[in-house]
Amino acid sequence: MGFQDELTHMGADELHDLQLERLKKTVVDCYEHIPFYKRSFDEAGFDPYAVSSLDDLQKAPFTDKQNMRDAYPFDMYAVPMDEVKRIQASSGTTGTATVAGYTEHDMAVWGDCFARGIDYAGGGPGTVVQVAYGYGLFTGGLGGSEGCRRIGAVELPMSSGNTQRQVKLMKDFGTGILACTPSYALHIADTAIEMGEDPSGWPIFAGIFGAEPWSNEMRKDIEEKLGICALDIYGLSEVMGPGVAIECREQNGLHIAEDHFITEVVDPETGKPVPDGEWGELVFTSLSKECSPLVRYRTRDISRIVPGTCACGRTTRRIDRIAGRTDDMMIIRGVNVFPRQIEQVVVGFEEVAPHYVIELSNDGPLDKATLKIETVPDFPIDEVRKIEDLQKRLQDGLKSELQVKIDVRIVEPKTIERSLGKAKRVVDLREKGE
Ligand code: DLL
């Protein structure tokens, strides 16, 4: 039996009843304890006491990031401060940070969700889980920590940074699972190789990687270098942290923790639900959160429900890998481009490494996009003709995939700053005309 199998293998009716019972409680709690929800439900004419089916949720208004920012810091808490046991906050690189609180129960649920990932990956008690997500207000580190505790795995609380030490302890302590951002996983793997090590022969067998978009090609690269099965984990601080949805070893979509969250996929323009299988914006309603419950939270993350059932036997629905965000979408000369689409093209070229940054600037009235990308270490960087040829092939590849011109600048290995957490892929230097 796997960890919490009874909750990940529920029959449709059983799950439906559990969700409905929890939904009724959540909307009433929100209405009675959070002034924002009282106002927004009243304005939308949504009666939380009249919810009698899951479809009734469609009548409730959305919540968005701005609503959370307006409630900064604690106006969205549904419990008194003496029940709050932890505060976590989003990185807040754009605008005010969003703040979520956790009761003891909320932390247990969060830990359970992450622990399912450890189980999906093939770990359990006795497995050393090297948590190289940042510990602190960012939810990665402490989410991993709670997960280890709930399943009884061996937590190795590395946090991010000190990469050579990550490699040394991974080897010395026999790490089984590495948990960090995919870009940092690749950096750890490359550092190990530079140190003359071959981690593919070590006990490590799986990775639980998330917090930023990544491609299947990058997955393959990490899997080969570390000799592991790399799984995707999704979450966001407002909704809980890592563990809202996690891949199993089938690597065919991320299983949603449906006992704790209702997932909708909506058209980002109209807010109307799209059919299963179609791409749209993920919207979550929490079902068991006590401190910071959320009703129909718009994530701005683009995904879709993966149709059909998973070969692993779990019955929970799956979301596809995040294709990007409605707001990290670059608009280059009118064309919508996600950084991940660029990554998918470049990883097909063996002369370049997946270390890149996209710079947006002005070219007169037009946008100019430049991809700066490193070569692999053994590329003859001094041979101008080879560089020019590579640049041209990359440019042509990008043009045919994206229908927009991206200039390519090849740079030497190790000239693009490595990230320990979420990689910053886009630098927008465009002047914003008012
Ligand atoms: O990144 C929580 C997390 C930590 C998830 C560790 C997974 C692992 P925030 O800092 O609030 O929380 O950022 C949330 O990151 O809305 C997505 O845009 C992006 N994101 C998270 N996981 C993935 C993923 C954490 N697996 C924002 N793939 C989200 C793509 C992801 N994007």
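Visitor: Which atom of the ligand has a polar side-chain atom of Ser237 2.4 Å away?

Guide: That is an oxygen atom of the ligand. Keep in mind that we are looking at a predicted model.

Visitor: What makes this pair a polar contact?

Guide: A polar contact needs N or O atoms within 3.5 Å. Ser237 offers a polar side-chain atom at 2.4 Å from the ligand oxygen, so the pair fits the cut-off.

Visitor: Which backbone atoms approach a nitrogen atom of the ligand?

Guide: A polar backbone atom of Ala211 is 3.1 Å from a ligand nitrogen, and a backbone N or O atom of Glu212 lies 3.2 Å from a ligand nitrogen. The protein covers 94% of the 600 Å² of accessible area that the ligand has on its own.

Visitor: Which element gives the largest share of the shell around the ligand?

Guide: Strand S7 does, with five residues. Both H6 and S7, which spans 229–236, give two or more residues to this shell. By class, the shell has nine nonpolar, five polar and six charged residues.

Visitor: Why are H5 and H6 called roughly perpendicular?

Guide: The axes of H5 (residues 104–120) and H6 (residues 139–151) cross at roughly 80°. Angles of 65 to 115 degrees count as roughly perpendicular, and therefore H5 and H6 earn that description. Their contact includes Trp110 and Phe114 of H5, and Leu142 and Arg150 of H6.

Visitor: How do the residues of that contact divide by class?

Guide: The contact of H5 with H6 has nine nonpolar, five polar and four charged residues.

Key
Residues are numbered from 1 along each chain as its sequence is written. This is a predicted model: local features need pLDDT of at least 70, side-chain atom pairs count only at pLDDT 80 or more; totals for chains, interfaces and linings use all residues. Side-chain values use heavy atoms; hydrogens and water are left out. Axes are lines fitted to C-alpha atoms, for helices over the stretch in contact, and angles run from 0 to 180 degrees between N-to-C directions. Helices (H or I, at least four residues) and strands (E, at least two) are DSSP runs, numbered from the N terminus. Angles under 35 degrees count as roughly parallel, over 145 as roughly antiparallel, 65 to 115 as roughly perpendicular and the rest as oblique. Contact means heavy atoms within 4.5 Å. Ala, Val, Leu, Ile, Met, Phe, Trp, Tyr, Cys and Pro count as nonpolar, Asp, Glu, Lys and Arg as charged, and the others, Gly among them, as polar. A polar contact is a pair of N or O atoms within 3.5 Å; within protein, one must be able to donate a hydrogen and the other to accept it, and residues adjacent in sequence count only if both atoms are side-chain atoms. Accessible areas come from the Shrake-Rupley method with a 1.4 Å probe; for residues, only the protein chains shown count as cover.
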